[in-house]
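The briefing below goes through one protein model topic by topic, starting with its nonpolar core and moving on to its sheet and its cysteines. Please keep the structure open while reading.

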Amino acid sequence: MTDQRDQIIILLNGREHKVEAGVTVAGALLGAEVFGFRQAVTGGWRGPLCGMGICYECRVTIDGVAHSRSCQIYCRPGMEVRTDG
């Protein structure tokens, strides 16, 4: 069980969300039951596939930087994450 000092708060699509320190953005999104990270040009929802930064399917906007690979970036306190969903 995680105690309070091991948790940080990030913003997911404008809402505060507590996550464990050391979790990736992709892990935080999946833990928050966000499965559509972005929309493909054909309209279909995309999300993490490989989990190691090769497929680029997990791209989100982090602190205003679009197309950030969420499986490669660890959550930081106050980080703002936006998805298309």
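The largest nonpolar core has 17 residues, and those with the most contacts inside it are Ile 10, Val 25, Leu 29, Val 60, Cys 75 and Val 81. The model is a predicted one, and the points below take up this core, the sheet and the cysteines in turn.

**Nonpolar core**

- At least two residues of this core come from each of β1 (7-12), α1 (25-31) and β5 (59-62), and among the contributors α1 gives the most, with four residues.
- In soluble globular proteins, nonpolar side chains tend to be buried together.
- Val 81, one of the residues with the most contacts inside the core, touches Leu 11, Leu 12, Asn 13, Val 25, Leu 29, Val 60, Thr 61 and Ile 62 once its neighbours within four places in sequence are left aside.

**Sheet**

- Five strands make up an open sheet of mixed pairing, and their order across it is β2-β1-β7-β5-β6.
- The edges of this sheet are occupied by β2 (15-20) and β6, and because each of them has a single partner strand, one side of each is left without a neighbour in the sheet.
- From one strand to the next, the twist averages 40°.
- The pairing of β1 with β2 is antiparallel and runs over six bridges, and one of the bridge partners in β2 is Glu 20, which is matched with Gln 7.
- Strands of a sheet pair through backbone hydrogen bonds, either parallel or antiparallel.

**Ser 68 in an edge strand**

- Ser 68 belongs to strand β6 (residues 65-69), and although β6 stands at an edge of the sheet, Ser 68 counts as buried because its relative accessibility is 10%, below the 20% cut-off for that class.
- Leaving aside neighbours within four places in sequence, the contacts of Ser 68 are with Cys 58, Arg 59, Val 60, Ile 62 and Ile 73.

**Cysteines**

- The structure holds zero disulfides, a count that rests on sulfur atoms having to lie within 2.5 Å of each other.
- For Cys 50, the closest cysteine sulfur is that of Cys 55 at 3.7 Å, which is too far for a bond, and Cys 50 itself is partly exposed, with a relative accessible area of 30%.
- Cys 75 is likewise in no disulfide, since the nearest cysteine sulfur, that of Cys 58, is 12 Å away.
- With a relative accessible area of 9%, Cys 75 is buried, and Cys 75 is also among the residues with the most contacts inside the largest nonpolar core.

Conventions
Residues are numbered from 1 along each chain as its sequence is written. This is a predicted model: local features need pLDDT of at least 70, side-chain atom pairs count only at pLDDT 80 or more; totals for chains, interfaces and linings use all residues. Side-chain values use heavy atoms; hydrogens and water are left out. Buried means under 20% relative accessible area, exposed over 50%, partly exposed in between (1.4 Å probe, protein chains only). Contact means heavy atoms within 4.5 Å. A nonpolar core is a set of buried Ala, Val, Leu, Ile, Met, Phe, Trp, Tyr and Cys residues joined through side-chain atoms within 4.5 Å. Two strands pair if DSSP finds at least two bridges between them. Axes are lines fitted to C-alpha atoms, for helices over the stretch in contact, and angles run from 0 to 180 degrees between N-to-C directions.
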